[in-house]
Amino acid sequence: MRKPMIAGNWKLHKTVEEALDLVEALKDELTGIDDADIIVAPVFTALGKVAETLSGSNISLAAQNCYPEKTGAFTGEVSPMLLKDIGCRYVIVGHSERRQLFGESDEFINRKIHSLLEEELQPIFCIGETLEERENGRMYDILTRQVKEGLKGMEAAAMRNIVIAYEPVWAIGTGKTATDEQAAEAHAFIRGLLQGVFDQETADATRILYGGSVKPENVDGLMAQDDIDGALVGGASLKAPDFARIVRFKRN
Ligand code: PGA
């Protein structure tokens, strides 16, 4: 019922030329796959050229961030309207690097999600606890706060266009993946939260991705878990063969 989604978050990597080489290789490797949504999120400067190259392919384009206003005196920012204009369909919001390095609050992330939905763009909404929060037994409180505040004011129907990504901060870029059981437990908890905030049908229909050191070697075990509907991939999305293998995770 929930179509798998594999999204590559390129973070601050790749010139335009390098980005084009990577998407050309991905197009070749991933031809014909239609049982999963495939997404790449290059840096802003590569979006336009990558959009042209992806046109007509089975790979969709995402941006890594946005500012929650259409236009105005916001030097250095990029709005959902402009991202849509250039061919994006998805935008990553609430990534832990933005929360930690750029001080983004739940309230600011909530504004971004609303502004993306207004432009009919689909947010990939990231949540996740730090190691300290997990060790102090605060993981469930943190996830509850991030979900409730991040999705404040959202109608159940809007959830059709929102994807959640659970990314334990201690697993991002560290090579330490959550075990299949740890990830499954967090995903089941998040789905339960969605049921409480919205309803069972909405909880059942919402896609929840796992992120944090997803690699060709561990993707099959993660994807075999009932509540894991896809992956948000950082490091391993920068090499075409690795990302392609992740997209080709073992189907049940
Ligand atoms: P990683 O990054 O796969 O390199 O751990 C994941 C992410 O930050 O989205």
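Of the 13 residues around the ligand, which come nearest?

**Figure 1. The ligand and its nearest residues in a predicted model.** Lys11, His95, Glu167, Gly173 and Ser213 come nearest to the ligand. They belong to a set of 13 residues around it. Sorted by class, this shell holds seven polar, four nonpolar and two charged residues.

**Figure 2. Polar contacts to ligand oxygen atoms.** Glutamate 167 uses its side chain: one of its N or O atoms there is 2.7 Å from an oxygen atom of the ligand. Glycine 173 uses its backbone, with an N or O atom 2.6 Å from a ligand oxygen. Glycine 235 also contributes a polar backbone atom, 2.8 Å from an oxygen atom of the ligand. The protein buries 95% of the 290 Å² that the ligand exposes when taken alone.

**Figure 3. Lysine 11, a non-glycine residue with positive phi.** Most residues other than glycine have a negative phi. Lysine 11 has a positive one, about 50 degrees. Its place is the loop between strand S1 (5–9) and helix H1 (16–30). Lys11 is also one of the residues that come nearest to the ligand.

**Figure 4. Glutamate 120, in the loop between helix H5 and strand S5.** Helix H5 spans 106–118, and strand S5 spans 122–127. Glutamate 120 is not a glycine, yet its phi is positive, at about 60 degrees. Is glutamate 120 buried or exposed? Its relative accessible area is 65%, so glutamate 120 counts as exposed, the cut-off being over 50%.

Definitions and conventions: Residues numbered from 1 in each chain as written. Predicted model: local features only at pLDDT ≥ 70, side-chain atom pairs only at ≥ 80, totals over all residues. Heavy atoms only, no water. Helix = DSSP H or I, 4+ residues; strand = E, 2+ residues; numbered from the N terminus. Buried < 20%, exposed > 50% of the residue type's maximum accessible area, 1.4 Å probe, protein only. Near = heavy atom within 4 Å. Polar contact = N/O pair within 3.5 Å; in protein donor to acceptor, adjacent residues only side chain to side chain. Areas by Shrake-Rupley, 256 points an atom, 1.4 Å probe, with all protein chains shown as cover. Nonpolar A, V, L, I, M, F, W, Y, C, P; charged D, E, K, R; others polar.
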